Amino acid sequence: YVATAKKMVFGQVAIDMIAGPSEIGIIADESAKPKQIAADLLSQAEHDKRARPILVTNSEQLAQAVSAEVETQLQTLPREEIARTAVEEQGFIAVLPTIDDLFTLMNAIAPEHLEVQLPNPTDYLSQIKNAGSVFLGQYASEPLGDYVAGPNHILPTSGTARFSSPVGVYDFVKRTQFIQY
């Protein structure tokens, strides 16, 4: 409803953006906890049938364990039908050979929410180019940002983090350029 209302008044009043379905991208290696990764993926999948839950990893074992755990958790999720549709139609798990490959793919996807579930996640800050909001380490799950930490909650979706930022004060301040020769 919010997106429809924004479309109706666009051009007549200033709006921040017309956000797309929720997205979560998770970069993880073999040290990550499958139950936690699955829960985090489903935390966004349950929002909308078009939500995009994505895991990229260099561990085939983690990929298989997360896939099985997603199925297990889906069976008890109150919004199972919505989350299952998102997982099956919009979500995926990619196994790539190197950590660098994981960041390359995730930067191309430019997710709304990005979790970096690697040991010493701050070591990888320079590799993060495109994401709306970034959650570092196994204790910084995306729901922490939704309900506890208090970061900006209006984030670019649908890959727009490649050229856009979370909504900030400048989005609501009219600026004028002045040039004099």
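Modeller: Let's start with a definition: a salt bridge is a side-chain nitrogen of Lys or Arg within 4 Å of a carboxyl oxygen of Asp or Glu. Keep in mind that the model in front of us is predicted.

Biologist: What makes Arg52 and Glu23 a salt bridge?

Modeller: The closest N and O atoms of Arg52 and Glu23 are 3.5 Å apart. The limit is 4 Å, so the pair earns the name. In general, side chains of opposite charge can pair when their charged atoms come close.

Biologist: Which parts of the chain does this pair link?

Modeller: Distant ones: Arg52 belongs to strand S2 (residues 52-57) and Glu23 to strand S1, with their positions 29 residues apart in sequence.

Biologist: How do you know whether Glu23 is buried or exposed?

Modeller: Glu23 has a relative accessible area of 3%. Buried means under 20%, so Glu23 is buried. Its partner Arg52 stands at 25%. That value lies between 20% and 50%, so Arg52 is called partly exposed.

Biologist: How many salt bridges are there by this rule?

Modeller: The count comes to six. Another one joins Arg50 and Asp48, whose closest N and O atoms are 3.7 Å apart. With the cut-off at 4 Å, that pair passes too, so it is included. Arg50 has 52% relative accessibility and counts as exposed, whereas Asp48, at 24%, is partly exposed.

Biologist: Why are Glu80 and Arg84 separated by about one helical turn?

Modeller: Because they are four residues apart in helix H4. Their side chains meet in a salt bridge of 2.9 Å, N to O. Glu80 is partly exposed, at 27% relative accessible area. These two also join Glu71 and Glu88 in a network of salt bridges.

Biologist: Let's turn to rings. How many aromatic pairs are there by the rule?

Modeller: One. The rings are those of Phe103 and Tyr124, and their centres are 5.5 Å apart.

Biologist: Why is the pair of Phe103 and Tyr124 called stacked rather than edge-to-face?

Modeller: The centres must lie within 6.5 Å, and 5.5 Å satisfies that, so the rings pair. Their planes are at 15 degrees, and under 30 degrees counts as stacked, so the name follows.

Biologist: What does this pair tie together?

Modeller: Phe103 sits in helix H5 (residues 99-109) and Tyr124 in the loop between strand S4 (113-117) and strand S5 (133-136), so the stacked pair ties together parts 21 residues apart in sequence. Phe103 has a relative accessible area of 2%, which means that it is buried.

Biologist: What makes the link between Gln44 and Glu142 a polar contact?

Modeller: The side chains of Gln44 and Glu142 come to 2.5 Å. The limit for such N or O atoms is 3.5 Å, so the distance fits. Gln44 is part of helix H2 (residues 34-45) and is buried, at 1% relative accessible area. Beyond four places in sequence, the residues it touches include Ser22, Ala51, His113 and Asp146.

Biologist: Which residues of the largest nonpolar core touch the most other members?

Modeller: Ile37 and Leu41, out of 18 residues. The elements giving two or more residues to this core are strand S1 (23-28), H2, helix H3 (60-74) and helix H4 (80-89). H2 gives the most, with five residues. Leaving aside neighbours within four places, Leu41 is in contact with residues including Ile24, Pro53, Leu55 and Val70. Apart from this core lies another of 15 residues, among them Ile99, Met106, Leu114 and Val116. In soluble globular proteins, nonpolar side chains tend to be buried together.

Biologist: What stands out about the phi of Ala110?

Modeller: Phi of Ala110 is near 55 degrees, a positive value in a residue other than glycine. Most residues other than glycine have a negative phi. Ala110 is in the loop between H5 and S4. Asn120, in the loop between S4 and S5, also has a phi near 55 degrees.

Biologist: How do you know which of these is buried or exposed?

Modeller: Ala110 has 0% relative accessibility, under the 20% limit, so it is buried. Asn120 has 51%, over the 50% limit, so it is exposed.

Key:
Residues numbered from 1 in each chain as written. Predicted model: local features only at pLDDT ≥ 70, side-chain atom pairs only at ≥ 80, totals over all residues. Heavy atoms only, no water. Phe/Tyr/Trp six-rings, centres within 6.5 Å; stacked < 30°, edge-to-face > 60°. Buried < 20%, exposed > 50% of the residue type's maximum accessible area, 1.4 Å probe, protein only. Polar contact = N/O pair within 3.5 Å; in protein donor to acceptor, adjacent residues only side chain to side chain. Contact = heavy atoms within 4.5 Å. Core = buried A, V, L, I, M, F, W, Y, C linked by side-chain atoms within 4.5 Å.
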